[in-house]
Amino acid sequence: MSALAKTLTGVDAARAQTWNWLAINETTLEVPSVEAPVALDLPRWAEDVRLIAGSAAQAWLDEVSSEPVTGVSTEDEAHSVLAFLGDVEGEELDVSAVSLLCEEGANGDVTLIAAGDAQTTANTCRLVLAEGASATVDILVARPEDAVHVQSFGATLAEDASLALRVWILGATTTTLAIACDLEGARSRFSSELRYLAGAEESIDITYDVRQLGRSTEATINASGVLEGSAAKTLRASIDLVRGCKGSKGSETETVLVAGEGVRNKTLPVILCSEDDVQGDHGATIGSLSSDQMGFLSSRGLSEADIVALAGQAIIDDAASALGDDALAEIVGWTRRARGAEAAAQAADAGALIHGTLCDVNEEA
Amino acid sequence: MSAPTAPKKRSEVADVDRSLYDFVKSEEGYERFDDGLSEEIVREISAKKDEPQWMLDLRLRSLEIYEKTPMPANWGPSIEGLDMAHISTYVTSGADQATSWEDVPDDIKDTFERLGIPEAERTSLAGVGAQYDSELVYHNMREEVAELGVVYSGIEEALHDGWEDVIREHFMKLVPPTDHKFAALHGAVWSGGSFVYVPAGVTLPYPLQSYFRLNAAGAGQFEHTLIIVEPGADLHFIEGCSAPKYNVANLHAGCVELFVGKGARLRYSTIENWSKNMYNLNTKRARVEEDGTIEWVSGSFGSHVSYLYPSSLLMGARSSCEFTGITFAGGGQDLDTGCKVHLAAPDTRASVATKSISKGGGVSTFRSSVVVTPAAERAKVSVSCQSLMLDDESRSDTIPAMDVRSASAQVGHEATIGRISDDTIAYLMSRGIGEDEARTMVVNGFAEPISKELPLEYAVEMNNLIKLEMEGAIG
C-alpha cells in the first residue's frame, strides 16, 4: 500500500503560539505516502468534529484510512469499539478511522490499541456526545522500536455529557497525539489522564486543545511520565475559557521525571481566558527527584536507577490494570521485549490482580 | 443665607490627578527629522552625535537587517496601527545637557517637576538622568558616588569621554540587531539613554534613576541603556517613562543591556506608564556571571501595545535571577509581557512571580520561556503567574514555555486565572466600604507583592496608577 515517504509540516500545532526559536509551536512528521488515496466516507454527524493534527496531517490521515468504523450508542444499547492497529502481517502502514455517536443519555466506549509490528500506525477518532451521554476512550501505544504512531482525536460534547480519555504511551520511535475537545453544552465535562514512558531516542509529541464554551463546564488534564536516555517529549496543553462559559473550571497538571542525560522535555501549558466568572489553573513539576525524596527512598535501600525503574514500571502496571484483557496481552508482550521478563511478570500480575486474567510472559502476545 | 456646605469628601480615586502624566508641551523651535526611515536619516543621526565609524557601520547594518526582517506572523499582538512612514525617529529641543535643573529650559523642567523627578533626586537617589524625546536634557550624580569611581552618563557622552573601547565591547552584544525586527530598528536609530559603570566591590547607597519622557506626537524614542556592574558591586537602577496621549501612534523601541559580574548584584526596577497610543516594543537583557544576581521589578501600566520580556542569561555557576512583574491592561490595551530565563551553568536559580489584571476590554498576555541547558546541573526554577479578570469584556492568557534538558534540574510552574469573589466584595461592603473602593483595595492587595519590592515613592506611584486604572471599574 505504501510508497515513498512524505514530510508533513504544521503537525500538532499549538493554537496560542510563542517564540519560534523555542521550536515548540508545532512539529514535522515523516509518513509513507500512498499510491491510491481513498476518500473517507464519514457520517454527517462526524464531519464537523474539530481535529487539530494539522491540515496536512489530517488530510494524510483521511486519505490513507481504510475500513472506517462507525458506531452509534443509544440509551438502550451501548456501543463499544475495540480497534487494533499494526497487527496485520506484512502491512507497513495500518491506518483506521473510528467515529462514535452517543445519543442522548447513552454510554459508549472506544479502545484503540496500537501494538503490532507495522512500520506506521495511525488513527483518527471522532466522537459526538449528545445531551447527557457519556463515553470512555482508552488509547494504548505499545509499539516496537523504529515504529511510528500518529493519533488524531476530536470530541464534541452537548449539555451534561461527559468524556473520560485515558492514554498510555509506552513505546514507539515517534508518537504524535493531537486531542481536541469542545465542551459546547452546559455542565459538560472532559477529563484526561495521560501516562508516557520514553527512552533511547524515542520522541513523543502531544497537543491538547480544549475549548470550554458552555456554562459550568469542567476540564481536567493530568499528564505524567518518565523520560530516559535521549528521549524527547513535547506537551502543548491549551484550555480555552471562552466568553460565555460562566462558572467553568479548567485545570492542567504535568509531572515529568527526567532521568537521562540526553533528555529534552518541552512543555507549553496554556490557559486562554475571556470570561471573568471562571477558574483556570495549570501546574508543572519537571526534573529530577528532590534531595528529600531521594534521601527517603535511599534510606529504604533504593538506588536512583531502582527509583527510575519503579516509576516506569508504575506506568506499565497502571495500563495493565486499567485496560482489558486484549490490551493486557499486548502490554505484557511489549514489556517483555522492551524491559525483560521480570518487568513483564510484574505487569501480568498487575493485570491479573484487577482482571483475574493470567498472561504468559514467555509467549509473544 | 444658605447653610455652609460641608467640604466634599474625596474618594481615593478622585485624589489621583490624571494630569500628572497626560500634559503636552509645545514643540515650537524643536528640531524634528522627517517621518519614516532611510539611510540618510540614519547617517544624519550618527553625524549629529559625531560618532566613531564603527557605530555608524553598526547603524547601517542594523537598518539593512530591519528592512529584511519580518514580524512574526504566528504570535503576539497586532502592530498594524504602527506605520514607520509616519514616525519621526529623532526629535530634540536642542537644549544642552545640564547638570543642574536651573539650566534646563523652563517648559522641560516643569515637565520633570510635575513628574516629581527633581524632588526624588533630592530625597532618595544617587543620580538622575532625564531624557526628553530623543536626547538627554539632564544628567547628574552625587559627588560621593562619583568619588567611588561610578560612571553615570549618556552613552554619547561616554563614547567621547574615554569609554569608547568598553562601549564597543558591550554595545548591542547581548541584544544584537539580528535579535528581532525592532532590535534592528533600535540599532539603526538609537539616541540617548544611559551608560553606568560600577567598579568592583562598590555598593551604591541609593538607586540611580533614568526617566524617559516622550513629548512629541508621532515620534519614536530609542534610548539605549548599558550597565556594567563589576565583580562584587551592587546597584539598584530605576527606569521610569511616560508620555502624553495623542491620536497618532508613538513608538518606543528602547534597548537595555546589563552585564552583572561575578558576585555582583543588580536590581533593575521599571514603572512603565506610556500613554495609550504608544507601541512599546522594548528589549531588555541581562548576562550574569558566577554568583551574580539580577533582580527585575517590572510594572507595565501604559501603552496601546506592548511586547516586553526582560531576559536573563545565567551564564555563571550559582548565578541567579528574580523576576517580579505586574501588568495592568485596561480598555484599548493589548499588553504581551513576561520574561525569559536561560540557565546555562551549574546550580543556577531562577524565581519568577507575576501578576496581571485585565479590565474594560484590555488584553493581558503572560508569555515566558525557561530554558535549562544540559550544563545547568542541579538548576532550580520556580514560576508563578496569577491573573485577575475584572469583567467579561477583557482577556487574560498565559503562555509559558519550558525546555528542560538537564537531568538533575528541578522546574516548578504554577498559574491561576480567576476573578474577585463576590464574597470578598460583600464582606468589605458590609464594613461600610463602597464597591468601587472595595475592588480597588482587593486589586492593590493582589499587587502588594510587587509594590513591596519597590522603593516607597515608586510603590505609591504604582498604587496611584492602579487607582487611576480602576476608575470606572464598576458599572
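A residue is called buried when 20 or more other C-beta atoms lie within 10 Å of its own. With that idea in hand, the two chains of this predicted model can be described one after the other. In chain B, 55% of the 475 residues count as buried. In chain A, 55% of the 365 residues count as buried.

Chain A is a good place to start. Chain A holds six helices and 18 strands. Along the principal axes, its C-alpha trace spans about 55 × 50 × 45 Å. A compact globule with 365 residues would have a radius of gyration near 21 Å, and the 20 Å of chain A agrees with this. Contacts in this chain often reach far along the sequence: of those between residues at least 6 apart, 82% join residues at least 24 apart.

Some of the strands of chain A can be followed from one to another. Strand β12 of chain A, residues 189-198, runs parallel to strand β14 of chain A, residues 218-228, and ten bridges join the two. Within this pair, A:L194 stands opposite A:A223. On to the next partner: β14(A) also pairs with strand β16 of chain A, residues 249-259, in the parallel sense and over eleven bridges. Here A:V226 stands opposite A:L257. Strand β14(A) is thus found in both pairings, with β12(A) and with β16(A).

Chain B comes next. Chain B contains eleven helices and 25 strands. The radius of gyration of chain B is 22 Å, close to the 23 Å that the globule rule gives for 475 residues, so chain B is as compact as a globular protein of that length. Its C-alpha atoms fill a box of roughly 75 × 65 × 50 Å along the principal axes. Among contacts in chain B between residues at least 6 apart in sequence, 82% join residues at least 24 apart.

The domain assignment divides part of chain B into domain 1, covering 18-308, and domain 2, covering 422-475. The centres of these two domains of chain B, taken over C-alpha atoms, are separated by 31 Å. Where they touch, eleven residues of domain 1 of chain B are in contact with eleven residues of domain 2 of chain B. On the domain 1 side of this contact, two or more residues come from each of α4 (117-124), β13 (265-273) and β16 (293-300) of chain B. Strand β13(B) gives the most to that side, with three residues. Sorted by class, the domain 1 side has six nonpolar, four polar and one charged residues.

The two chains also meet each other. Their contact takes 39 residues from chain A and 33 residues from chain B. On the chain B side, the elements that give two or more residues are β22 (363-372), β24 (395-404) and β25 (410-418) of chain B. The most comes from β24(B), with ten residues. The side of chain B that touches chain A has 14 nonpolar, ten polar and nine charged residues.

Strand pairing also crosses from one chain to the other. Strand β18 of chain A, residues 279-287, runs antiparallel to β25(B), and eight bridges join them. One of the matched pairs is A:G280 with its bridge partner B:I417.

A:G287, also in strand β18 of chain A, offers a closer view of the meeting of the chains. A:G287 has 25 other C-beta atoms within 10 Å and is therefore buried. Leaving aside residues up to four places away in sequence, A:G287 touches A:V258 in chain A, and B:V404, B:A409, B:Q410 and B:V411 in chain B. A:D276 makes a useful contrast: A:G287 and A:D276 are eleven residues apart in sequence, yet 34 Å apart in space from C-alpha to C-alpha.

A final topic is the nonpolar core. In soluble globular proteins, nonpolar side chains tend to be buried together. The largest nonpolar core of this model has 252 residues. Those with the most contacts inside this core are A:L129, A:L140, A:L163, A:I331, B:V229, B:L266 and B:V372. B:V372 touches B:L343, B:A379, B:V381, B:V404, B:R405, B:S406, B:A409 and B:V411, again not counting residues up to four places away in sequence. Among these, B:V404, B:A409 and B:V411 are also touched by A:G287.

Definitions and conventions: Residues numbered from 1 in each chain as written. Chains lettered and ligands numbered in written order. Predicted model: local features only at pLDDT ≥ 70, side-chain atom pairs only at ≥ 80, totals over all residues. Core = buried A, V, L, I, M, F, W, Y, C linked by C-beta atoms within 7 Å. Buried ≥ 20, exposed ≤ 12 C-beta atoms within 10 Å, placed from the backbone. Contact = placed C-beta atoms within 7 Å. Domains from an automatic or database assignment. Helix = DSSP H or I, 4+ residues; strand = E, 2+ residues; numbered from the N terminus. Nonpolar A, V, L, I, M, F, W, Y, C, P; charged D, E, K, R; others polar. Pairing = 2+ DSSP bridges. Rg over C-alpha atoms; globule rule 2.2 N^0.38 Å.
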